[in-house]
Amino acid sequence: METSAYKEYQEFLSKNLALDITRGQPAAAQFDLSDGILDVITDSSQVKDSTTGTDLRNYGGGVAGLKEARELFAPVLDVSPDLMIVGENSSLALMGRVMMWALLKGVSSESVAWQQGDSPVKFICPVPGYDRHFTMLETLGVEMIPVDVNEAGLDVAAVRELVEKDSAIKGMWLVPKYSNPTGITLADSVVQELANLKPAASDFRIFADNAYAIHDLYESDKDTLLSMYKTFEAAGAEDMLYLFGSTSKVTYAGSGLGFMAASPQNRDHLLKLFGTQTIGPNKIEQLRHVLFFEGIDGGLEAHMKKHADIIRPKFEAVLEVLEKELGGTDLATWTKPRGGYFISFDTKPGLATRTVELAGAAGVKLTPAGATYPYRKDPKDANIRIAPTKPDIEEIRVATTILCCALKVAASE
Ligand SMILES: Cc1ncc(COP(=O)(O)O)c(C=O)c1O
């Protein structure tokens, strides 16, 4: 065993630390940026729809959400506002709804339910990916087929091979920009190839969860995602695409707004179904967001720069420690994202579970190894997701140092 790493590890053990770099949660300082939302409405006279004069305290106004809120978030998904649905408190809630309706009722008025008796419903899952996407499908009994995320964002040839042959494959997850956990953005060619897929299932749908659409870390060095909707529309495949987003990492996590965009056919189908579940969304929360961003000089874009200023140094601290501790070794590789909420860290095969275990014993909570794969099975036992946004910078440095030390101990065992 490499004695210096083991000695260092013993020292960490004795410190009784309690650090947590598991979930991609914003830091309190980021929430503070949005506290204007709390008192942007002070009087019931404000709670009116500016175009129709409707009293927003009442039912009415439809299921798609406030016009101003649809206009505010349409540029995030790069669609026209009429394709937007703003509703729920988070994107996951909308994704879950769309998924369940697809399984039960199908994705258009002409199509049948995805779930037909005991026949399997299959979904493509880019890996490593977002654990909650996988948990949703596992709970619903949808069979998950992993496809690798590569430097271009996705092994799209593998996707094509699968979906063009198997009509049981009804859909696919995608985090197109600054993906969770790799931070990789789809190359233009990948978006184009996806738009030109010819799935065996005519009711195949891509669930593009654009959670980090506006979450750049560097103003002068940001990733650009080819307009997904426009590319699919140009290929005549706009019905194949759902786009999702939320304000969870813009204003308050889970206490803001979810939104989505879909083709006119998909939108109308969903609005009809959603309309059986709710008379309408929380329009007052939507208005608060609209008024809050109207009041910010530079709007949403200026607001996101303030987020970046808070979290950029944390990403840089992780990368600095990883380079210092593991640079030049063959123990691990890691991504260097220009945005999003995560760094993806790959140990040498077979070491992730033990590394997470050792780091945990030394007081650093990491997302369980395997969590970034369907059924929590990382075939290489290599991937660990680092979420640097919530802890303060010194905690991040210590936690990353312990992660590196744990890996060195795991490798030497
Ligand atoms: C890719 C992705 N989608 C969705 C979410 C959750 O977003 P929401 O709060 O809007 O459900 C996260 C949070 O980590 C995420 O990483």
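Visitor: What makes the pair formed by S246 and an oxygen atom of the ligand a polar contact?

Guide: Happy to show you! A side-chain N or O atom of S246 lies 2.6 Å from an oxygen atom of the ligand. A polar contact is a pair of N or O atoms within 3.5 Å (within protein, one must be able to donate a hydrogen and the other to accept it, and residues adjacent in sequence count only if both atoms are side-chain atoms), so this pair qualifies. One note first: this is a predicted model, in which local features need pLDDT of at least 70, side-chain atom pairs count only at pLDDT 80 or more, and totals for chains, interfaces and linings use all residues. Residues are numbered from 1 along each chain as its sequence is written, and side-chain values use heavy atoms, with hydrogens and water left out.

Visitor: How far from an oxygen atom of the ligand is the polar backbone atom of L92?

Guide: That distance is 2.9 Å. For S90, a polar side-chain atom is 3.4 Å from a ligand oxygen.

Visitor: Which residues come nearest to the ligand?

Guide: They are S91, D209, Y212, S246 and S248, out of 13 around the ligand. A residue is near if one of its heavy atoms lies within 4 Å. By class, this shell has 6 nonpolar, 5 polar and 2 charged residues.

Visitor: Now to the domains. Where do domain 1 and domain 2 run?

Guide: Domain 1 covers 3–24 + 301–412 and domain 2 covers 46–294, with bounds from an automatic or database domain assignment. Their centres, taken over C-alpha atoms, are 29 Å apart. The contact (heavy atoms within 4.5 Å) takes 28 residues from domain 1 and 31 residues from domain 2.

Visitor: Why is the pair D221 and R338 called a salt bridge?

Guide: Their closest N and O atoms are 3.9 Å apart. A salt bridge needs a side-chain nitrogen of Lys or Arg within 4 Å of a carboxyl oxygen of Asp or Glu, so D221 and R338 meet the rule. Across the interface of domain 1 and domain 2, the rule finds 5 salt bridges.

Visitor: How many residue pairs are in polar contact across the interface of domain 1 and domain 2?

Guide: There are 17, with both residues at pLDDT 80 or more.

Methods
Ala, Val, Leu, Ile, Met, Phe, Trp, Tyr, Cys and Pro count as nonpolar, Asp, Glu, Lys and Arg as charged, and the others, Gly among them, as polar.
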